[in-house]
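Got your viewer open? Let's take a walk through this model, one selection at a time.

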Amino acid sequence: MFLPEIRAHLAKAIQIVNFRLAYNIDDLRLMAKKRLPRVAYDYLEWGAEDDVTLRENRAVFERIRLKPRNLVDVSGRSQKVDLFGKTFDAPFGIAPTGAAGLYCFEADIELARAAQAANVPFVLSTASFTAMERVAQAAGGTKWFQLYMSKDREPAERLVVRARDAGFEALVVTTDVPVGANREYNRRNGFEIPFHLNLANMIDGALHPRWLVDVFLRTLADSGVPRFQNVDTNTGGRIVSKDLAQFRARRDALDWSDLRWLREIWPHKLLVKGILTAQDAVLAAENGADGIFVSNHGGRQLDGAISPMTVLPEIVDAVGGRIAILLDSGIRRGTDIVKALALGADMVFVGRATLYGAAVAKQAGAEHALTLLKNEVDRVLALLGCRSVADLGPQHLQIPG
Ligand SMILES: Cc1cc2nc3c(=O)[nH]c(=O)nc-3n(C[C@H](O)[C@H](O)[C@H](O)COP(=O)(O)O)c2cc1C
């Protein structure tokens with residue numbers, strides 16, 4: 001009589017150890033949640049203030065419906081896409097996520113290797129716990145560098161030169177952070193980088209021994225207190241966040257002339273991340289960008305901000321065909337990816353999805369997240385009657401007025 005219940009409990013218990021039993025991104029999220037102490041999970045999962053934008057990012061995808069065409073030969077279908085002179089095996093890549101090293105040891109390398117295995121682009125955050133040179137040397141594949149830029153050009157230029165010398169192929173300038181976001185859970189949890197253990201976090205860490213040993217203590221033993229390796233300076237064990245402070249200083253003074261300056265000093269593809277209006281998309285193009293990320297930072301910056309999908313048609317009208325239009329925020333399913341491509345995005349990116357995977361099983365977990373999405377995209381293309389991403393268009397969508 002109790003057999004089904006016992007089986008359900010067993011399956012739950014096994015899920016803790018076997019990421020292959022995650023059948024979708026949300027399964028991976030639940031597994032990650034079990035592994036992580038609250039301070040780390042909250043930083044990964046939540047948005048800003050009341051999470052209005054975070055919820056809207058999901059709701060907007062759910063509101064759009066798909067219009068399938070039948071009896072189309074889709075047997076030879078492919079989801080490969082071309083971008084910046086390269087062909088990728090899937091129409092999505094990995095977005096930059098700072099402090100990823102809180103989720104697994106050297107997460108940035110694990111994520112970059114997962115992207116390499118899937119032949120999709122990986123974007124390394126300025127706020128990584130692993131120095132960009134080490135990531136560049138440890139993982140092949142297509143790697144772009146995301147820049148948190150200061151108004152002070154000296155530290156900004158230092159990072160740009162390092163990214164160029166390390167071989168990053170594109171620079172992604174994040175522009176939706178003139179000031180830090182209001183994320184109250186971080187303050188409540190005592191979240192700080194360089195990472196501090198307060199009493200509550202110590203107890204929580206002890207209750208998550210695998211995370212404590214595999215992630216926190218391993219990082220501590222390898223490179224000291226988890227910190228931003230690209231911008232902090234470690235002098236004899238004492239972390240000096242001088243560079244970081246210099247970095248954050250006057251970020252609210254940035255304007256389009258700073259993009260023009262970057263255009264002069266950066267020799268490769270230049271992208272602007274955080275665009276949410278057609279006007280800014282046009283300004284990005286006029287000031288030298290090769291592409292934009294239409295993004296609300298996964299709902300983590302301005303709460304109440306619109307979702308990228310809402311403004312995508314206007315942006316495609318304004319700059320489509322002129323510069324690359326990439327989109328992120330809220331993608332959890334292959335249907336989401338297909339909807340964004342059908343509305344005119346050239347490619348999309350995921351932030352949390354692959355981080356859940358990395359938290360559960362490092363590179364293999366992140367690869368699993370990418371495979372889940374890839375399989376879903378393949379199925380959706382077939383069910384819609386499309387042989388390729390190029391076949392997708394607004395005719396496949398029903399958008400509520
Ligand atoms: C834990 C975490 C850290 C992030 N750190 C950065 C960052 O350092 N730089 C940046 O431009 N965006 C950052 N983002 C935003 C992502 O690049 C991306 O825009 C967002 O995660 C996409 O939404 P999604 O998580 O719903 O896929 C971060 C997101 C998360 C979840």
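Begin with the loop between α8 (184-189) and α9 (199-206), which is where Pro194 is found. Helices and strands here are DSSP runs numbered from the N terminus: H or I of at least four residues for a helix, E of at least two for a strand. Show the backbone there, and you'll see that the peptide bond from Ile193 to Pro194 is cis, with omega near -5 degrees. For background, most peptide bonds are trans, and most residues other than glycine have a negative phi.

Before going further, a word on what you're looking at. This is a predicted model, in which local features need pLDDT of at least 70 and side-chain atom pairs count only at pLDDT 80 or more, while totals for chains, interfaces and linings use all residues. Residues are numbered from 1 along each chain as its sequence is written.

Next, select Glu49, in the loop between α3 (38-45) and α4 (52-63). Glu49 isn't a glycine, yet its phi is positive, about 45 degrees. Is Glu49 buried or exposed? Neither quite fits: it counts as partly exposed, because it has 16 C-beta neighbours inside 10 Å. (The cut-offs: 20 or more other C-beta atoms within 10 Å of a residue's own means buried, 12 or fewer means exposed, and in between is partly exposed, with C-beta atoms placed from the backbone.)

Now jump to the loop between β1 (65-66) and β2 (81-83), and pick out Leu71. Leu71 also has a positive phi, near 50 degrees, in a residue other than glycine. Leu71 counts as exposed because it has 6 C-beta neighbours inside 10 Å. Stay in the loop between β1 and β2 and select Ser78. With 12 C-beta neighbours inside 10 Å, Ser78 counts as exposed. Try a distance label from here: the C-alpha atoms of Ser78 and Asp317 are separated by 26 Å, with the two positions 239 residues apart along the chain counted as their spacing.

Time for the ligand. How many residues surround the ligand? There are 24, and the closest are Ala95, Gly98, Ser125, Gly298 and Gly351. A residue counts as near when its C-beta atom, placed from the backbone, lies within 6 Å. Colour α3 and α16 (352-384), the elements that give two or more residues to this shell. By class, the shell has 8 nonpolar, 12 polar and 4 charged residues. (Nonpolar means Ala, Val, Leu, Ile, Met, Phe, Trp, Tyr, Cys and Pro; charged means Asp, Glu, Lys and Arg; the others, Gly among them, are polar.)

Keep α16 coloured and add α2 (residues 25-35): the axes of the two helices come within 10 Å and cross at roughly 175 degrees. So α2 and α16 are roughly antiparallel to each other, a label for angles over 145 degrees. Among the residues making the contact are Ile25, Leu28 and Met31 of α2, and Tyr356, Val360 and Leu372 of α16. Contact here means C-beta atoms, placed from the backbone, within 7 Å.

Last stop: the largest nonpolar core, with 123 residues, where Leu171 and Ile292 touch the most other members. Such a core is a set of buried Ala, Val, Leu, Ile, Met, Phe, Trp, Tyr and Cys residues joined through C-beta atoms within 7 Å. α16 turns up again, giving the most to this core with 16 residues. Zoom in on Leu171: leaving aside neighbours within four places in sequence, its contacts include Phe145, Val160, Leu262 and Trp266.

Key:
Two residues are in contact if their C-beta atoms, placed from the backbone, lie within 7 Å. Axes are lines fitted to C-alpha atoms, for helices over the stretch in contact, and angles run from 0 to 180 degrees between N-to-C directions. Angles under 35 degrees count as roughly parallel, over 145 as roughly antiparallel, 65 to 115 as roughly perpendicular and the rest as oblique.
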